[in-house]
Amino acid sequence: MSGSRMTATLLCFLLAGPVLLVAGSPVQNNGTVPVVLWHGMGDSCCNPLSMGAIKKMIEEEVSGVYVLSLMIGKNVIKDTENGFFMDVNEQVSMVCSQLAQDPKLKGGYNAMGFSQGGQFLRAVAQRCPSPPMKNLISIGGQHQGVYGLPRCPGESSHICDMIRKALNSGAYTDFVQKHLVQAQYWHDPLNDDLYKKYSLFLADINQERAINETYKKNLQLLENFVMVKFLQDTVVDPVDTEWFGFLKTGQAKETETLQESVLYKEDRLGLAAMEKAGKLAFLASEGDHLQFSREWFITHLLPYLH
């Protein structure tokens, strides 16, 4: 149990960091497609400095739009806690039910996920096609998971290796997988078999064990799948995961792009077909994790919310 607790403690520091939205000049826009937001780890649906500010900004920029910022649990405290400790598959099922019961979303909606909310909303798209998700915008999401510690002093550091070994020994145990959110998208390229066999969430939605044709079909129903990478990101490791890239299997130094991956080459998820159809967008933002200006948001992301 002590090893599991240590693993949980270490992983909890991986992806903390609220959205930093820098103020700017508003631009007048109109649109009526509802927007669903899913916050990142350590945040909540209604934090006035992060998700609350994003919700307000979208409402100001898109006249008459309905914005739903997802609360996972009965209150803001539970919502924050569940971002660390509630089984991701249960969270996705809860959200799918909530969306299906919301009459305002019956005609479809645009989805915007922040950090881990990005891959969670992709799971919604793959598993729950009704109501239909039109555009999926992933802002700093980790679509191939994470491996490594933020602000770690070099890949060759003995400290990094020691901590990784502790994570590797516990991240795929049944207890940690079921009780720690971040373990469910921990992707160890040095233990690919363990990852594929025991990852409860990421290995499933990324078709690692078998190809679920329904996942593939549903994801391709999106009009656009937009991925935002932060060029000075010190939180997500490797940052390539924000564009669906990752570390090459069997080592922990060299990365590969989505287009170089087996997932893409075999088109196990339909991403190659989506790119061919012009449905994938890879956007980059200067700055650290989840830090962007209002002007950047309006210029690059607002067009997908109509």
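The following dialogue discusses a buried asparagine and several aromatic rings in a predicted model.

Reader: Which conventions apply to this model?

Author: The model is predicted: local features need pLDDT of at least 70, side-chain atom pairs count only at pLDDT 80 or more, and totals for chains, interfaces and linings use all residues. Residues are numbered from 1 along each chain as its sequence is written, and side-chain values use heavy atoms, leaving out hydrogens and water.

Reader: Is Asn110 buried or exposed?

Author: Buried means under 20% relative accessible area, exposed over 50%, and partly exposed in between (1.4 Å probe, protein chains only). Asn110 counts as buried because its relative accessibility is 0%.

Reader: What does Asn110 touch?

Author: Contact means heavy atoms within 4.5 Å. Not counting residues up to four places away in sequence, Asn110 touches several residues, among them Val33, Lys134, Asn135 and Leu305. A polar atom of the Asn110 side chain lies 3.2 Å from the backbone nitrogen of Asn135, and one lies 3.4 Å from the backbone oxygen of Leu305.

Reader: How many aromatic pairs does the structure hold?

Author: Rings of Phe, Tyr and Trp (its six-membered ring) pair if their centres lie within 6.5 Å; planes under 30 degrees apart count as stacked, over 60 as edge-to-face and the rest as tilted. The structure holds 10 such pairs. One of them, Phe84 with Phe85, is tilted, at 5.8 Å centre to centre and 40° between the planes. For Phe120 and Tyr185, the centres are 6.3 Å apart and the planes at 65°, so this pair is edge-to-face. Both Phe120 and Tyr185 are buried, and they form one aromatic cluster with Trp38 and Phe201.

Note on methods
Polar contact = N/O pair within 3.5 Å; in protein donor to acceptor, adjacent residues only side chain to side chain.
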